[in-house]
Amino acid sequence: MKIIILKVEKRVIGKKKHRKSLREYGYTPSIVYGKNKNIKFFLDSYLVEKIIKNNTLSKFIVSINNEINITTILKEIQYNPITDKIMHLDFFELNPRKYITYEVPINPIGKAKGIYKGGEYISKIRKLKIKALPKNMIDHIEINIENLDIGENYYVKNIPQKKIVILHDSNTIISAVKQIKKETIETPKSKASQDNA
């Protein structure tokens, strides 16, 4: 999993007007919370846009005043309901000895052999809920679908679960290859046939 270092300065609690002013100058209010922690700070809004645009799961090391380094994940993004502008970010501190529960996207690898036989690949679910220790966190799960034939399914139990726990029933279908139904076109009976009827 990618690690991003955020160098920030602790935010002094101010009036709502002051926070609004800082937003106008290109800063986004943020917070990191965890066990006995509730630290507020500002992030450059341009950096925030890049983080969100990247749209990948990452760990963030929040470095406060170059003194305190806290390993976190981005837990919540708050948007303005009218302008859709990012208003606030919440970061959650990771405990190296505690499992974290989150969702990861599924990336199919290869092309199912059933497609070459006229089948259609169908994705049933695109994300999986998993849990892992911070050191074992991943940002996606790859599944090799090359051997998937017509009429076959790829199940959760087919995924090697090394150092992670998948929080779905083992028989949950992730994807499948189905036979494409052939449409039969009915041709109207010829006039001669109708006359002979």
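# Report on strands, loops and a pocket

Lys163 counts as exposed because its relative accessibility is 63%; the classes are buried (under 20% relative accessible area), partly exposed (in between) and exposed (over 50%), with a 1.4 Å probe and protein chains only. This is a predicted model, in which local features need pLDDT of at least 70 and side-chain atom pairs count only at pLDDT 80 or more, while totals for chains, interfaces and linings use all residues. Residue numbers start from 1 along each chain as its sequence is written, and side-chain values use heavy atoms, with hydrogens and water left out.

## Chain and confidence

The chain holds 4 helices and 13 strands; these elements are DSSP runs (helices H or I, at least four residues; strands E, at least two), numbered from the N terminus. Of the 197 residues, 31% are buried. The mean pLDDT (the predictor's confidence in each residue, from 0 to 100) is 86 for the chain, and 85% of the residues score at least 70. Among the elements, strand E11 (residues 153-155) has the highest mean pLDDT, 97, and helix H4 (residues 191-196) the lowest, 52. Where pLDDT is low, the predicted coordinates should not be read in detail.

Contacts (heavy atoms within 4.5 Å) reach far along the sequence: of those between residues at least 6 apart, 65% join residues at least 24 apart.

## Strand pairing

Two strands pair if DSSP finds at least two bridges between them. Four such pairs are listed here.

| Strands | Sense | Bridges |
|---|---|---|
| E1 (residues 2-8) and E4 | parallel | 7 bridges |
| E4 and E5 (residues 68-79) | antiparallel | 6 bridges |
| E7 (residues 100-109) and E9 (residues 127-132) | antiparallel | 6 bridges |
| E7 and E10 (residues 141-144) | parallel | 4 bridges |

E10, E7, E9 and E12 form, in that order, an open sheet of 4 strands with mixed pairing. E10 and E12 (165-166) are its edge strands, each pairing on one side only. Between E7 and E9, Thr101 stands opposite Lys131. On the E10 side, Ile106 has Ile141 as its bridge partner, and Asn107 has Glu142.

## Strand E4

Strand E4 spans residues 58-64, and Ser58 lies in it. Of the 7 residues of E4, 6 are buried, so the strand is mostly covered. Ser58 has a relative accessible area of 6% and therefore counts as buried. Not counting residues up to four places away in sequence, Ser58 touches Met1, Lys2, Ile4, Thr72 and Ile73.

Bridge partners tie E4 to its neighbours. Val8 has Ile64 in E4 as its partner, while Val62 is bridged to Ile70 in E5. E4 and E5 form a hairpin with 3 residues between them. In that turn, Asn65 has a positive phi of about 55 degrees.

## Loop residues with positive phi

Asn36 is not a glycine, yet its phi is positive, at about 55 degrees. The residue sits in the loop between strand E2 (27-34) and strand E3 (37-44). It counts as exposed because its relative accessibility is 76%. Lys163, described at the start, is also not a glycine and has a positive phi of about 65 degrees. The loop that holds Lys163 runs between E11 and E12.

## Leu94 and the second largest pocket

Leu94 is placed in the loop between strand E6 (86-93) and E7. Its relative accessible area is 8%, so this loop residue is buried. Leu94 touches Lys59, Thr71, Thr72, Ile73, Ile100, Pro134 and Met137, not counting residues up to four places away in sequence. From Leu94 to Lys59 the C-alpha to C-alpha distance is 9.1 Å, and the two are 35 residues apart in sequence.

Leu94 is also one of the residues lining the second largest pocket. A pocket is an open set of points on a 1 Å grid over the protein atoms alone, where a 1.4 Å probe fits, with protein on both sides within 12 Å along at least five of seven lines; lining residues have an atom within 4 Å of a point. The other lining residues include Gly34, Lys35, Phe92, Glu93, Asn95, Pro96, Arg97, Lys98, Tyr99 and Ile100. By class the lining has 5 nonpolar, 2 polar and 4 charged residues. Here Ala, Val, Leu, Ile, Met, Phe, Trp, Tyr, Cys and Pro count as nonpolar, Asp, Glu, Lys and Arg as charged, and the others, Gly among them, as polar.
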